[in-house]
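Trainee: I should be grateful for a close look at one part of this protein chain, set in the context of the whole. Please take me through it step by step.

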Amino acid sequence: MKFVKDEDENRNDYILQKDETTKKTSVFVIVMVVLLIVGVIASGIYFATR
């Protein structure tokens, strides 16, 4: 099984595909995870000082 499939490959056994949708979704997920981590750190600092 291949992890990433190029756009011009003709196969069905892959996990991710190199296309615009996968790139946009990956960026969105990474940004959301970073925002969640920052939120957890900020709330930890805020509640630790109260």
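Mentor: What follows concerns the helix of this chain, its aromatic residues and its surface.

The model is a predicted one, so I begin with the confidence attached to it. The mean pLDDT of the protein chain is 88, and 100% of the residues reach at least 70. Among the elements, helix H1 has the highest mean value, 95, whereas strand S1, residues 2-5, has the lowest, 74.

The overall layout comes next. The protein chain contains one helix and two strands, and along the sequence these are arranged as β-β-α. The helix, H1, covers residues 20-48. The second strand, S2, covers 14-17, and the loop between S1 and S2 holds Glu9.

As for overall dimensions, the C-alpha trace spans about 60 × 20 × 10 Å along its principal axes. The radius of gyration is 18 Å, while a compact globule of 50 residues would have one near 10 Å. Burial is described by a single figure: 4% of the 50 residues count as buried. The accessible surface of the protein chain amounts to about 4,500 Å², and 65% of this area is supplied by carbon and sulfur atoms.

Let us now turn to the helix itself. Phe47 lies in H1, and so does Phe28. To give a sense of distance, the C-alpha atom of Phe47 is separated by 41 Å from that of Glu20, the two residues being 27 apart along the chain.

Phe47 also takes part in an aromatic pair, and the count of such pairs comes to one. Its partner is Tyr46; the ring centres are 5.1 Å apart and the planes meet at 75°, which makes the arrangement edge-to-face. The classification follows because planes over 60 degrees apart count as edge-to-face. The two partners can also be described by their accessibility. Tyr46 is partly exposed because its relative accessibility is 42%, a value between the limits of 20% and 50%. Phe47 has 60% relative accessibility and therefore counts as exposed.

Phe28 leads to another feature of the surface. With a relative accessibility of 52%, Phe28 also counts as exposed, because the limit for that class is over 50%. Phe28 belongs to a nonpolar patch on the surface, together with Val27, Val29, Val31, Met32, Val33, Leu35, Ile37, Ile41 and Ile45. The members of this patch together have about 900 Å² of accessible area.

Two distances relate this part of the helix to residues earlier in the sequence. Between Phe28 and Ile15, which are 13 residues apart in sequence, the C-alpha separation is 18 Å. Val27, another member of the patch, is 18 residues from Glu9 in sequence and 23 Å from it in space, C-alpha to C-alpha. Glu9 itself counts as partly exposed because its relative accessibility is 24%.

To bring the picture together, H1 carries the highest mean confidence among the elements. Phe28 and its patch partners present a nonpolar area on the surface, and Tyr46 and Phe47 form an edge-to-face pair.

Key:
Residues numbered from 1 in each chain as written. Predicted model: local features only at pLDDT ≥ 70, side-chain atom pairs only at ≥ 80, totals over all residues. Heavy atoms only, no water. Phe/Tyr/Trp six-rings, centres within 6.5 Å; stacked < 30°, edge-to-face > 60°. Buried < 20%, exposed > 50% of the residue type's maximum accessible area, 1.4 Å probe, protein only. Patch = residues over 30% accessible without salt bridge, like charges linked within 9 Å, V, L, I, M, F, W, Y side chains within 5 Å. Areas by Shrake-Rupley, 256 points an atom, 1.4 Å probe, with all protein chains shown as cover. Salt bridge = Lys/Arg side-chain N within 4 Å of Asp/Glu carboxyl O. Helix = DSSP H or I, 4+ residues; strand = E, 2+ residues; numbered from the N terminus. pLDDT = per-residue confidence, 0-100. Rg over C-alpha atoms; globule rule 2.2 N^0.38 Å.
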